[in-house]
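I opened my notebook to jot down what I looked up in this one. Here is what I wrote.

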Amino acid sequence: MITLLKNAKVIDPAHGKDGVREDIYIRDGRIIAKPSDTEKLQQTIDLNGKIVMAGAIDMHSHIGGGKVNIARMMLPEYQETKRYTEPEAHICTPSCTHHATPSTTDTGMHYIEMGYTAAFEPAILAVNARQAHLEMGDTPMIDKGGYAMLGNDDYFLRLLAGKADQKAINDYVAWTLHATQTIGIKVVNPGGISAFKFNQRRLNLDENNVHYQVTPRQILQSLSRAVHELGIAKPLHVHCNNLGAAGNFQTTLDTMGASDGIPMHLTHIQFHSYGTEGDKKFSSAAAQIAQALNANKHISADVGQILFGQTVTASGDNMMQHLNAKIANPKKSVIMDIECDAGCGVVPFKYRDQNYVNALQWAIGLEIFLSVEDPWRVFLTTDHPNGAPFTSYPHLIRLLMDKSFRNDAFAKLNLDAQAMSNLTSLNREYSLYEIATMTRAAAAKLIGLHDRGHLGVGAAADITVYTDQADKEAMFSKPDYVFKDGELVVRDGKVVKVVWGKTHTTKPAFDVGVEKGLKDYFDKYHTMQLDNFKISNDEIAQDGRNQVINHMPT
């Protein structure tokens, strides 16, 4: 049976369509070409010129894994109590949109209510991957996937310190992707998390880790090359050294050259775009960062915009979170290590518009958004929950699309921060086409989801329908319809059917001989056996909820 979405106003950057009026046909969860007249329509929905986009994809959002669960337990005062059960419907109201780390159920519900049909956990610690998949598997409505963290784990650093050849590193990276059921590789503060355990409190790009005598640059070069040579679509996902430190923009600029021209993605780049100018020795370096992004076509970035209010910072970068613990709000924190492979830091925080640093951070993120020319290489994120909860995306979209609204918000900031920003001189207003690019087409392309993020024939029927409004925050907060794999799951901003998404992975080939050295290492150093470390498809697809979709390397 076929569903027809009639008179759609299609915005589909993957196919160059900007407001093209056409009909969309859906069968068996896929978009199909116009069928023959003899095929029967199950239902027809006349959209009468409503805006139609593919389902949005959040390519960086902390939705599963140890640190997110710690944050949930640490801040029960910010958790929702309402539960969702089919067939009851729910609409997200202002009273429930600013919970820093919603439960797994609420996470899926809030995403789908905004028209998002997929979200990717950007920091899965390999030794803790099962925990991450269990939480993502308990998240309804949306597709999921994750990036495995390497670059601070002892086994990899031993390989690098021992001058292992690139093939050995490639085999280890590929094996890790298989074992963790992930779709990409992430490095957090390359070498820095490890260095923190040996009492180093800062690690610059060309400074040796005191124990292994390898530099962050070497780590980035070897991992980015491995990802590239293995044919993994998603470039190496890089959380640069010196997050949050004044003057760190130079490290960020240097990092852009560390992959020797191989594609690399810099994450939450707002937190890595700080200068040292002015009386407070903290300034915006957004112009330098944007200029470098515009010039270096092999580099992409997501912004990690901060927005004002209560949240919690949850990061694998326990070196920097240890420093941030003194400014926690409320005054509590967790800094921990897992199996000496990496760790995490969870620190609650409240961003304030009258705080100089917070206000300038807000402006820096927007300056980057508005100064990077190519919407295919810059992505809309808040580094949920570090900069703000993902439920604030509609507000962020309005800031990007409405200069008057943006300037009014800027005028309320700390006056010293206003004096240090050129935000009001940036006249750009994002178009719907550009918003669709960065949140749909570009995100799917970056991750390697060939059948998502667009509305072409053969695509998964993940579709979001909006009524165009002058107030873009209202528009993106409440879609008219959302379809997940062809099923109508949201009507007028309310969930009308509960479904379960898929888990996206990639599994490049590797020499199985790598397991001999790994088994010896696990037997000697780890508290779990090698076979228990590896996650099977059946574990993810428990109860028939989450099918594993493997994306073949190129």
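**Helix H7**

I began with H7 and listed its buried residues (under 20% relative accessible area with a 1.4 Å probe, protein chains only): Pro216, Ile219, Leu220, Ser222, Leu223, Ser224, Ala226 and Val227. A note on the source: this is a predicted model, where local features need pLDDT of at least 70, side-chain atom pairs count only at pLDDT 80 or more, and totals for chains, interfaces and linings use all residues. Residues are numbered from 1 along each chain as its sequence is written, and side-chain values use heavy atoms, with hydrogens and water left out.

Helices (H or I, at least four residues) and strands (E, at least two) are DSSP runs, numbered from the N terminus. Next I checked what the buried residues of H7 pack against, and found helices H4, H5 and H8 plus strands E9, E10 and E11. I also checked the length of H7: its 14 residues should span 20 Å (1.5 Å times one less than the number of residues), and the end C-alpha atoms are 20 Å apart, so that agrees. After H7 comes Gly231, with a positive phi near 80 degrees.

**Ser273**

Then I looked up Ser273, which sits in the loop between strands E11 (264–266) and E12 (274–275). Ser273 counts as buried because its relative accessibility is 0%. Beyond neighbours within four places in sequence, its contacts (heavy atoms within 4.5 Å) include Asn248, Phe249, Ile364 and Ile368.

**Whole protein**

Last, I zoomed out and noted 19 helices and 24 strands. Of the 554 residues, 63% count as buried. The C-alpha trace spans about 70 × 60 × 45 Å along its principal axes.

Methods:
Buried < 20%, exposed > 50% of the residue type's maximum accessible area, 1.4 Å probe, protein only.
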